[in-house]
Amino acid sequence: MSDRVSALSSILRSPARILGIVLMLVFIAEVGVMLVLPHVMPDFLGETGTAVLDAVLLTMVCAPVLWWVIIGPLRRIAVQEHGRSETIVSNASEGILTFDHDGVILSCNRATTELLSTEMDQVVGKMTSAFLDRLPRSFDSLPASFRLSAKRPDGSTFPVAVSVSEYPSESKRLRIAIIRDLTAAEQAEAERLMMARETEALRAQQMTTLAQLATGVAHEIRNPLTSIKMLIQVNRSKFAEEGLPTDDLELVEQEIRRMERSVNSLLDFARPEEGEQSVFPIQNVIQKTTQLIEGRCGQQGVKLTVECDETPIHIEGDASQIQQLLLNLSLNALDALPDGGEVTIRVVANNGELEVSVVDTGDGIRDDMLAKLFTPFSTSKPTGVGLGLGICRRIANSHHGTLTGENRAQGGAEFRLTLPLAKRSNNRSNDSSSGKVSCKVS
């Protein structure tokens with residue numbers, strides 16, 4: 001039976017098909033009646049009686065056939081679909097209610113009463129404004145979504161997301177609202193933010209402790225290193241005058257200088273210098289940075305390219321710190337290109353922000369280093385300390401900017417510095433340059 005109903009439902013989806021089946025059944029019934037009628041009609045009936053008997057027989061034949069073939073299956077289909085819809089709506093986890101253009105609630109499901117902590121008869125017939133605060137009466141377009149507060153009869157409120165759309169009805173214009181409780185979602189978001197703040201506070205405390213420890217250790221190491229270096233320099237000069245070899249002492253001095261650089265990095269990380277704030281064109285900083293690395297680029301066979309507009313792009317901050325940041329990024333790029341390649345410094349100003357990118361064509365950042373690029377003492381260099389990028393990010397943050405690093409799809413790495421542009425009212429550089437500023441590499 002269900003297979004026949006399913007087959008008929010697919011056939012009877014078109015009004016033209018239904019009309020065709022009805023005409024065919026009536027035609028077959030009429031033909032059958034006309035063939036049977038001469039044999040069953042009494043002799044005393046005239047033309048009127050024959051017509052009445054023909055109509056009666058046709059009705060008695062067509063009505064059951066039409067019910068069995070068309071009306072019965074359609075009725076069962078309608079009952080099944082109505083029952084399925086009622087089941088879906090009543091068991092939905094989200095609240096569903098219908099209301100008219102005046103905002104009067106006409107129906108609701110069980111989830112709605114559970115959300116509002118009330119009974120269905122206390123909801124149906126009431127205005128939507130009694131339960132949904134600030135839900136508009138008229139809508140410019142549907143469907144529409146809102147984030148607002150729902151009210152319970154006891155006066156308590158809770159956040160909900162409401163989606164409103166047209167409800168298909170031939171009798172009058174109705175709307176259906178789907179209500180989703182956001183209490184759990186907002187609690188989860190609040191817990192996530194709290195955990196993030198706690199993690200950040202713990203990290204800040206750890207970094208403060210680390211900075212204090214680094215400062216103390218650096219001071220204790222730097223003073224003996226200075227004395228040792230001075231003694232070695234004196235002895236190197238003395239040995240050189242006496243004609244004795246000084247290679248070992250030179251190697252020791254080089255290692256001491258490397259230790260000094262590490263100690264100075266610790267001090268810079270633990271106790272950053274207070275910069276001198278000024279408004280300056282970024283082109284000046286880039287030009288000085290390229291002058292410092294041009295020699296090394298030539299030694300390693302690296303092509304240095306600067307893509308920058310010559311019109312001055314002003315930012316506010318400490319020019320020496322920004323130069324330190326860009327120099328560190330450029331030197332890291334050169335470290336990734338021992339056998340040659342290309343380093344590009346790209347400058348773009350848009351929407352009130354300056355973006356400076358340092359791009360290299362090296363092997364890129366190792367996968368295990370991507371997540372901890374700016375973590376102190378994390379480095380992939382054999383002789384690195386792992387504080388350079390951390391200092392760079394801190395400089396970027398102190399200038400209300402950001403610093404990110406990632407691998408490029410076409411190979412190599414890209415570090416992107418974003419800084420706010422200086423306000424137009426302050427867009428005058430403290431440098432002596434005016435007009436266009438060149439930052440091209442010859």
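This passage describes the overall make-up, the cores, one helix pair and several individual residues of a predicted model.

The protein has 10 helices and 12 strands. Of its 442 residues, 32% count as buried. Contacts between residues at least 6 apart in sequence were also examined, and 61% of them join residues at least 24 apart.

The largest nonpolar core has 39 residues. Within this core, I282 and L326 have the most contacts. Helices and strands both contribute. At least two core residues come from each of α7 (282-300), α8 (319-335) and α10 (388-398). The same holds for the strands β7 (302-307), β9 (341-350), β10 (353-360) and β12 (413-420). The most is given by α8, with six residues. A second core, of 19 residues, is separate. Among its members are F99, L148, A150 and V162.

I282 was followed through its contacts beyond four places in sequence. These include three isoleucine or leucine partners named I313, I322 and L326. I315, V347, L354 and V356 are also touched by I282.

The packing of α7 against α8 was then described. Two packed helices are described by the angle between their axes and the distance between the axes. For α7 and α8, the angle is about 25 degrees and the axes are 9 Å apart. Angles under 35 degrees count as roughly parallel, so α7 is roughly parallel to α8. Their crossing is right-handed. On the α7 side, the contact is made by I282, V285, I286, K288, T289, L292, I293, R296, C297 and Q300. On the α8 side, the partners are A319, I322, Q323, L326, L327, S330, L331, L334 and D335. By type, the residues of this contact comprise 12 nonpolar, four polar and three charged. I282 and L326 thus appear in the helix contact as well as in the largest core.

I315 lies in strand β8 (residues 314-317). Its relative accessible area is 1%; buried means under 20%, so I315 is buried. Beyond four places in sequence, I315 touches S278, V279, F280 and I282 on one stretch of the chain. Its other partners are L354, L419, P420, L421 and A422. L421 is 106 residues away from I315 along the chain, yet their C-alpha atoms are separated by 4.8 Å.

L249 is found in helix α6 (residues 247-270). Outside its neighbours within four places in sequence, L249 contacts I232, N235, R236 and F239. The C-alpha atoms of L249 and N235 are separated by 8.2 Å, with their positions 14 residues apart along the chain counted as the separation.

Two residues stand out by their backbone angles. Most residues other than glycine have a negative phi. R134 is not a glycine, but its phi is positive, at about 65 degrees. R134 lies in the loop between α4 (110-116) and β3 (144-151). Its relative accessibility is 59%; exposed means over 50%, so R134 counts as exposed. H400 likewise has a positive phi, of about 60 degrees, and is not a glycine. The loop that holds H400 runs between α10 and β11 (402-407). With a relative accessible area of 70%, H400 is exposed.

Methods
Residues are numbered from 1 along each chain as its sequence is written. This is a predicted model: local features need pLDDT of at least 70, side-chain atom pairs count only at pLDDT 80 or more; totals for chains, interfaces and linings use all residues. Side-chain values use heavy atoms; hydrogens and water are left out. A nonpolar core is a set of buried Ala, Val, Leu, Ile, Met, Phe, Trp, Tyr and Cys residues joined through side-chain atoms within 4.5 Å. Buried means under 20% relative accessible area, exposed over 50%, partly exposed in between (1.4 Å probe, protein chains only). Helices (H or I, at least four residues) and strands (E, at least two) are DSSP runs, numbered from the N terminus. Contact means heavy atoms within 4.5 Å. Axes are lines fitted to C-alpha atoms, for helices over the stretch in contact, and angles run from 0 to 180 degrees between N-to-C directions. Angles under 35 degrees count as roughly parallel, over 145 as roughly antiparallel, 65 to 115 as roughly perpendicular and the rest as oblique. A crossing is left-handed if the near helix is turned anticlockwise from the far one by less than a right angle, and right-handed if clockwise. Ala, Val, Leu, Ile, Met, Phe, Trp, Tyr, Cys and Pro count as nonpolar, Asp, Glu, Lys and Arg as charged, and the others, Gly among them, as polar.
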